[in-house]
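This report describes the fold of one protein chain, its salt bridges and the surroundings of selected residues.

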Amino acid sequence: MSETSFDVIIIGAGPGGYVTAIRAAQLGLKTAIVEREHLGGICLNWGCIPTKALLRSAEIYHYMTHAKDYGLSCDNPSLDAAAVVDRSRKVSGRLNGGVGHLLKKNKVQVIWGEATVTKPGEVVVSKSKKPAMQPAHPDPKGTAGEGTYKTKHIIVATGARPRALPGLEPDGSQVWTYFEAMVPPAMPKSLLVVGSGAIGIEFASFYNTMGVDVTVVEIMDQIMPVEDAEIAKLARKQLEKAGLKIMTSTKVSGLKKAKDSVTAAIETDKGEKSELVVEKVISAVGVVGNIENLGLEALGVKTDRGCIVIDGFGRTNVSGIYAIGDVAGPPMLAHKAEHEGVICIEKIAGKNAHPMDKGQIPGCTYCHPQVASVGLTEAAAKAAGHELKIGRFPFIGNGKAIALGEDQGLVKTIFDAKTGQLLGAHMVGAEVTELIQGFVVAMGLETTEEDLMHTVFPHPTLSEMMHESVLDAYGRVIHM
């Protein structure tokens, strides 16, 4: 007989939800997690992980087509779209099973179905309207389903879904969201990507590398609008060199569908109009929180622009109800959701939790070249009134980058001139998504420029550019 009374019930088993559940169990709380569809959520099943698997296939294919640059021969390299997609799905499936194992190991009760918060302390679970995409669980007998469950604390971690704009509504056939873009039956000949945030640029990079004629349209004046302008400009240069067509300060005002094509109406901010005919369209104009059908409105839970309003510990305005992750607002990143969940549950458990500093959450885009950042951009730092010292170091000055054949990129560091505080770090180039954590740790430890300059970085590594960038900010750069 399944349990029906818990210390905490978490709604949603994405990265934020399942990590929070595990931490709650570690803290001795009797914990359940409700999931309607698949363990691991969008990130593991349809986002972060499978896209990286696709991009890895694209990266290998890129190197195959450039084998001669490395003194190698690879005649007539080809791709199998179905096999690429199959590998991506298998990666997700493997990790999905791993999440189930972790929940079982930590004695977290999994409840399958759709949750409604009927009142503080009560969750009613009904049969899911969506069939489970990844229904496997290591111990099906240990799962529960429809019923009424009592709890002291309810944490909403229901994530987000693709935003649909009027006139650009996805249809699953010719106009895709990231769901359809991740499992193409075949590679289209041409593709329009609407939006150049992380999702849009990653898919644009993937399809471009796979030989598709890709055009990106962005309404803002730079691609990857949240990134430092200098870094975004360098990324655009490399992406265009690789064959991407990019239009900024431009919008798609409408789509006209035919049997085998889509005609997009394009309009610049100067009123210039044109049409673009493509085989497929990807709508990547952001995401919106899943706040509907949870019973929150009837309970008076405050929301703002499609997200639940919380304080620094995940608490809503209704006692006993909390929210974490995408549903609680930007930045909508898996690692933010995980950390936010840990803070929330540790506060509930009476631990000495500290509110999260969103200024220290790194962002990564896994296109080719990669982009990674943390902290303030140059423009934001100036707007905040800081007097700045800025360091830059190019990949072309780094021995490891040259040996890798990846000598195009930049590491940029931004310091407060008066205090030496590291305000921001921004990178574009090979493997920068793996490098950025060094600056994240430095910011978390309130490291100054002096600490970083005295740190010994291994040679030969790409990380040496991080050191050189700091040195450059203070007129001490060595290899440039």
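## Salt bridges and residue environments

R236 is partly exposed, because its relative accessible area is 22%. The values discussed here, including this one, come from a predicted model. The partner of R236 is E240, and the two side chains form a salt bridge with an N to O distance of 3.1 Å. Both residues belong to helix α7, where 4 residues, about one turn of the helix, separate R236 from E240. E240 has a relative accessibility of 35% and therefore also counts as partly exposed.

### The chain as a whole

The chain is made up of 480 residues, for which a compact globule would have a radius of gyration near 23 Å; the value for the chain is 24 Å, which agrees. Along the principal axes, the C-alpha trace extends over about 65 × 60 × 50 Å. The secondary structure consists of 14 helices and 25 strands.

Of the 480 residues, 50% count as buried. The accessible surface amounts to about 22,300 Å², and carbon and sulfur atoms contribute 53% of that area. Among contacts with a separation of 6 or more, 64% are made by residues 24 or more positions apart.

The chain carries 49 positive and 53 negative charges, and the mean positions of these two sets lie 5 Å apart.

### Salt bridges

The structure contains 22 salt bridges. One of these joins D228 to K412, with the closest N and O atoms 2.9 Å apart. This pair connects distant parts of the chain: D228 is in the loop between β11 (213-217) and α7 (229-241), while K412 is in strand β24 (residues 410-416), 184 residues apart. D228 and K412 are both buried.

A further salt bridge is formed by the side chains of E378 and R392, at 3.7 Å from N to O. Here too the pair links distant parts of the chain, with E378 in helix α10 (residues 378-383) and R392 in strand β23 (residues 388-394), 14 residues apart. The two partners fall into separate burial classes. E378 counts as buried because its relative accessibility is 17%, under the 20% limit for that class. R392, with a relative accessible area of 28%, is partly exposed.

Which residues are linked in a network of salt bridges? The network consists of D228, E230, E378, K382, R392 and K412. The D228 and K412 pair and the E378 and R392 pair thus have their members in this network.

### Three buried positions

The residues in the following table are considered next.

| Residue | Relative accessible area | Class |
|---|---|---|
| L423 | 5% | buried |
| V287 | 18% | buried |
| G12 | 9% | buried |

L423 is part of strand β25 (residues 422-429). Beyond the residues up to four places away in sequence, L423 touches V374, G375, L376, A381, H386, L388, I414, F415, D416 and M443. One of these partners, L376, is 47 residues from L423 in sequence, yet the two C-alpha atoms are 5.7 Å apart in space. I414, another residue in the contact list of L423, falls within the range of strand β24 (residues 410-416).

V287 is located in strand β17 (residues 287-289). With neighbours within four places in sequence left aside, the contacts of V287 are A160, R161, P162, R163, Y178 and M332. R163 is 124 residues away from V287 along the chain, and 4.5 Å separates their C-alpha atoms.

G12 occupies the loop between β1 (5-11) and α1 (15-26). Apart from neighbours within four places in sequence, G12 is in contact with G17, Y18, I33, V34, E35 and A157. How far apart are the C-alpha atoms of G12 and T455? These two residues are 443 residues apart along the chain, and their C-alpha atoms are separated by 42 Å.

How values were computed. Residues numbered from 1 in each chain as written. Predicted model: local features only at pLDDT ≥ 70, side-chain atom pairs only at ≥ 80, totals over all residues. Heavy atoms only, no water. Helix = DSSP H or I, 4+ residues; strand = E, 2+ residues; numbered from the N terminus. Rg over C-alpha atoms; globule rule 2.2 N^0.38 Å. Buried < 20%, exposed > 50% of the residue type's maximum accessible area, 1.4 Å probe, protein only. Contact = heavy atoms within 4.5 Å. Areas by Shrake-Rupley, 256 points an atom, 1.4 Å probe, with all protein chains shown as cover. Lys, Arg positive; Asp, Glu negative; His and termini not counted. Charge placed at Lys NZ, Arg CZ, Asp CG, Glu CD. Salt bridge = Lys/Arg side-chain N within 4 Å of Asp/Glu carboxyl O.
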